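Here's a quick briefing to read with the model open in your viewer. Start with the pocket, then work outwards.

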Amino acid sequence: MKRFWVWCDMCDVLPKSNLGKAVAYAESMRPYVDRLMKYGEIDFSNNASERNMKSYVMGRKNFLFSTSPEGARANAILMSIIETCKANAIDPMTYLTEVLDEMAQYPENRKFEYLGQYLPWNWKQS
């Protein structure tokens, strides 16, 4: 990448030519590319996110029947939980079944700070 940036800096092209536009675009993206190269855990593309959302895009007409804003909000929360389970290599059905069964047995005054242990990345399958 260092050699590429040196080449971009030294490149003498007409700004309105195709190569000039490409070099100008690369220069405008330089801080982002440098950040991407500095932090290895950042993915080069959002293809994984796009793939995960494809099933919801395919079913979006079905979501018109949420019947209320509260239903749509509940649907969005459930979809987020399911995708988080998938990202943490947890079977969503098993997770939801066990967590809901376990949480149903707690008294009403259960404190909210204990809810963190039921998030998919903290959850231990029984």
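Eleven names to pick out, please: the largest pocket is lined by Ile 77, Leu 78, Ile 81, Tyr 95, Leu 96, Val 99, Leu 100, Met 103, Leu 115, Tyr 118 and Leu 119. Keep in mind that this is a predicted model. The pocket holds about 210 Å³ of space, and its lining is made up of 11 nonpolar residues, with no polar and no charged ones.

**The pocket**
- Which helices each supply at least two residues of the lining? They are helix H5 (69-87) and helix H6 (92-104).
- H6 gives the most to the lining, with 5 residues.
- Leu 115, one of the lining residues, sits in the segment after H6.
- At 32% relative accessibility, Leu 115 is partly exposed, since that class runs between the buried limit of 20% and the exposed limit of 50%.
- Met 103 is on the lining list too; its C-alpha lies 9.1 Å from that of Leu 115, and the two are 12 residues apart along the chain.

**The overall build**
- You'll find 6 helices and 0 strands in this protein, so reading along the sequence gives α-α-α-α-α-α.
- Of the 126 residues, 16% count as buried.
- About 10,600 Å² of the protein is exposed, and carbon and sulfur atoms supply 59% of that area.
- Take the contacts with a sequence separation of 6 or more: 35% of them are between residues 24 or more positions apart.

**The nonpolar core**
- The largest nonpolar core has 7 residues, namely Cys 85, Ile 90, Tyr 95, Leu 96, Val 99, Tyr 118 and Trp 123.
- H6 provides the largest share of this core, 3 residues.
- As background, nonpolar side chains tend to be buried together in soluble globular proteins.
- Val 99 is on the core list and on the pocket lining list.
- Which residues does Val 99 contact once neighbours within four places in sequence are left aside? Those partners are Tyr 118 and Trp 123.
- Tyr 95, Leu 96 and Tyr 118 belong to the core, and they also appear in the pocket lining.

**The loop between H5 and H6**
- Ala 89 is in this loop, and so is Ile 90.
- Is Ile 90 buried or exposed? Ile 90 is buried, because its relative accessible area of 15% falls under the 20% cut-off.
- Beyond neighbours within four places in sequence, Ile 90 is in contact with Cys 85, Tyr 95, Pro 120 and Trp 123; of these partners, Cys 85, Tyr 95 and Trp 123 are listed in the core.
- Ile 90 and Trp 121 are 31 residues apart in sequence, with 8.9 Å from C-alpha to C-alpha.
- Ala 89, by contrast, is exposed, because its relative accessible area is 74% and the exposed class begins over 50%.
- Ala 89 has a phi near 55 degrees, a positive value in a residue other than glycine.
- For context, most residues other than glycine have a negative phi.

Key:
Residues are numbered from 1 along each chain as its sequence is written. This is a predicted model: local features need pLDDT of at least 70, side-chain atom pairs count only at pLDDT 80 or more; totals for chains, interfaces and linings use all residues. Side-chain values use heavy atoms; hydrogens and water are left out. On a 1 Å grid over the protein atoms alone, a cavity is a set of points where a 1.4 Å probe fits but cannot get out, and a pocket is an open set with protein on both sides within 12 Å along at least five of seven lines; lining residues have an atom within 4 Å of a point. Grid points are joined across faces, edges and corners, and a volume is the space filled by probe spheres set on the points. Helices (H or I, at least four residues) and strands (E, at least two) are DSSP runs, numbered from the N terminus. Ala, Val, Leu, Ile, Met, Phe, Trp, Tyr, Cys and Pro count as nonpolar, Asp, Glu, Lys and Arg as charged, and the others, Gly among them, as polar. Buried means under 20% relative accessible area, exposed over 50%, partly exposed in between (1.4 Å probe, protein chains only). Contact means heavy atoms within 4.5 Å. Accessible areas come from the Shrake-Rupley method with a 1.4 Å probe; for residues, only the protein chains shown count as cover. A nonpolar core is a set of buried Ala, Val, Leu, Ile, Met, Phe, Trp, Tyr and Cys residues joined through side-chain atoms within 4.5 Å.
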